[in-house]
Amino acid sequence: LADTLPTVEVASAELEAGIGLLGLIVKAGLAASNGEARRHVQGGAVKINDAGVSDERMSVGTAEVTADGVIKLSLGKKKHILIKPV
């Protein structure tokens with residue numbers, strides 16, 4: 001993963017409990033509201049670790065953390081954010 005991507009830190013406890021996908025998109029700054037985030041998911045624009053996501057009710061947790069210790073959250077082809085548990 002590129003070190004140049006912006007990174008958002010999320011508490012490890014939050015990830016262990018599971019964060020809603022829509023809330024994570026808003027927290028990462030990729031959408032202004034849950035409604036906007038929902039439309040992006042329904043439109044097929046959201047990816048986690050380069051895998052498409054179609055379930056807006058998905059919970060993101062520690063299972064999605066890669067070997068690099070981050071989760072890559074993407075919106076479209078040009079917006080990418082790394083989610084780093086702290």
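This is a short dialogue on reading a sheet, a buried lysine and a nonpolar core in a predicted model.

Visitor: What should I know before I start?
Guide: Residues are numbered from 1 along each chain as its sequence is written, and side-chain values use heavy atoms, leaving out hydrogens and water. In this predicted model, local features need pLDDT of at least 70 and side-chain atom pairs count only at pLDDT 80 or more, while totals for chains, interfaces and linings use all residues.

Visitor: What is the strand order of the open sheet?
Guide: Strands of a sheet pair through backbone hydrogen bonds, either parallel or antiparallel. Strands here are DSSP runs (E, at least two residues), numbered from the N terminus. Two strands pair if DSSP finds at least two bridges between them. The five strands run in the order 1-7-6-3-4, with mixed pairing.

Visitor: Why is one side of strand 1 and of strand 4 left without a neighbour in the sheet?
Guide: Strand 1 (7-10) and strand 4 (51-52) are at the edges, so each has a single partner strand.

Visitor: Is Lys-72 buried or exposed?
Guide: Lys-72 is buried (under 20% relative accessible area, 1.4 Å probe, protein chains only), because its relative accessibility is 13%. Lys-72 belongs to strand 6 and faces Leu-82 in strand 7.

Visitor: Which residues touch the most other members of the largest nonpolar core?
Guide: Nonpolar side chains tend to be buried together in soluble globular proteins. A nonpolar core joins buried Ala, Val, Leu, Ile, Met, Phe, Trp, Tyr and Cys residues through side-chain atoms within 4.5 Å. In this core of 22 residues, they are Leu-21, Ile-25, Val-46, Leu-73 and Ile-83.

Terms used: Helices (H or I, at least four residues) and strands (E, at least two) are DSSP runs, numbered from the N terminus. Buried means under 20% relative accessible area, exposed over 50%, partly exposed in between (1.4 Å probe, protein chains only).
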